[in-house]
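Subject: Handing over the model

Hi,

Here is the structure I promised to pass on to you. Have a look at it first, and then read on for what I found in it.

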Amino acid sequence: MRRRYRLRAHERFEQVRRQGQSRHGRFLLIVYLPNELPYSRFGFTASRRVGKAVQRNRARRLMREAMRLQMAAIAPGWDIVCIARPAILEAPWPEVQAECRRLLEQAGLLQPAPGMIPVVSAG
């Protein structure tokens with residue numbers, strides 16, 4: 001992931017975690033907050049609960065790749081922090097990828113595909 005799209009400042013990381021909204025799944029948790037920029041930035045973290053350094057690094061790599069594959073569909077203007085859960089290490093890759101997409105959809109962070117007509121419920 002290019003440097004421009006990475007969330008690096010510790011203060012901003014903490015601000016997103018404290019003030020942002022969150023969605024959680026079995027393998028990861030995403031926390032998101034608007035950022036006033038024309039692009040979205042991403043941060044990835046795994047606590048010691050996930051495992052030792054090798055396991056934490058693997059968990060971060062899995063989340064980073066899952067987000068990288070969704071980047072074109074993610075709406076600009078968000079800071080998104082992905083937090084690994086211990087179950088991510090045993091999860092098959094397609095399930096991690098599907099959960100990442102599902103959490104982004106639940107959060108409303110995905111842009112509609114070109115040519116798609118948004119569904120509006122009557123009520």
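A residue counts as buried when its relative accessible area is under 20%, as exposed when that value is over 50%, and as partly exposed in between. By that yardstick, buried residues make up 40% of the 123 residues in the protein. Please keep in mind throughout that this is a predicted model.

**The overall picture**

The protein has 3 helices and 4 strands, and from the N terminus on these elements follow the order α-β-β-β-α-β-α. Its radius of gyration is 15 Å, close to the 14 Å that the globule rule gives for 123 residues, so the protein is as compact as a globular protein of that length. Along the principal axes, the C-alpha trace spans about 50 × 30 × 30 Å.

Contacts between distant parts of the chain are well represented: of the contacts with a separation of 6 or more, 76% are accounted for by residues 24 or more positions apart. The exposed surface of the protein comes to about 7700 Å², with carbon and sulfur atoms supplying 51% of it. As for charge, there are 23 positive and 9 negative charges, and their mean positions are 5 Å apart.

**Helix 1 and the residue before it**

Which residues of helix 1 are buried? They are Arg12, Phe13 and Val16. These residues cover an arc of only 105 degrees around the axis, which puts them on the same side of helix 1. On the other side of helix 1, His10, Glu11, Arg18 and Gln19 are exposed. The cover over the buried residues of helix 1 includes strand 2 (28–34), strand 3 (41–45) and strand 4 (78–84).

Leu7 sits in the segment before helix 1 (10–19). With a relative accessible area of 6%, which is under the 20% limit, Leu7 is buried. Leaving out residues up to four places away in sequence, Leu7 touches Arg12, Phe13, Val16, Arg41, Phe42, Gly43, Asp79 and Val81. So the contacts of Leu7 include Arg12, Phe13 and Val16, the buried residues named above for helix 1. One of the other partners is Phe42: Leu7 and Phe42 are 35 residues apart in sequence, but 5.1 Å apart in space, C-alpha to C-alpha.

**Helix 3, residue by residue**

Three residues of this helix caught my eye. Trp93 lies in helix 3 and is partly exposed, with a relative accessible area of 30%. Neighbours within four places in sequence aside, Trp93 is in contact with Leu62, Glu65, Ala66 and Leu69. Met71 is 22 residues from Trp93 along the chain, and their C-alpha atoms are separated by 17 Å.

Is Glu99, a residue of helix 3 (residues 93–107), buried or exposed? At 7% relative accessibility, Glu99 counts as buried. Beyond residues up to four places away in sequence, Glu99 touches Gly25, Arg26, Phe27 and Leu28.

Ala107 is also in helix 3, and at 15% relative accessibility Ala107 counts as buried. Apart from neighbours within four places in sequence, its contacts are Arg23, Ile30 and Tyr32. The C-alpha atoms of Ala107 and Val31 are separated by 9.2 Å, with their positions 76 residues apart along the chain.

**Two loop residues**

Glu36 is placed in the loop between strand 2 and strand 3, and with a relative accessible area of 78% Glu36 is exposed. What would a computational chemist want to check about Glu36? Its phi is near 65 degrees, a positive value in a residue other than glycine. Most residues other than glycine have a negative phi.

Pro76 is found in the loop between helix 2 (53–70) and strand 4. With a relative accessible area of 46%, Pro76 is partly exposed. Not counting residues up to four places away in sequence, Pro76 touches Leu37, Pro38, Tyr39, Ser40 and Gln111. Gly51 is 25 residues from Pro76 along the chain, and the C-alpha atoms of Pro76 and Gly51 are separated by 33 Å.

That is the tour.

Best wishes

Notes:
Residues numbered from 1 in each chain as written. Predicted model: local features only at pLDDT ≥ 70, side-chain atom pairs only at ≥ 80, totals over all residues. Heavy atoms only, no water. Rg over C-alpha atoms; globule rule 2.2 N^0.38 Å. Buried < 20%, exposed > 50% of the residue type's maximum accessible area, 1.4 Å probe, protein only. Contact = heavy atoms within 4.5 Å. Areas by Shrake-Rupley, 256 points an atom, 1.4 Å probe, with all protein chains shown as cover. Lys, Arg positive; Asp, Glu negative; His and termini not counted. Charge placed at Lys NZ, Arg CZ, Asp CG, Glu CD. Arc of directions from axis to C-beta.
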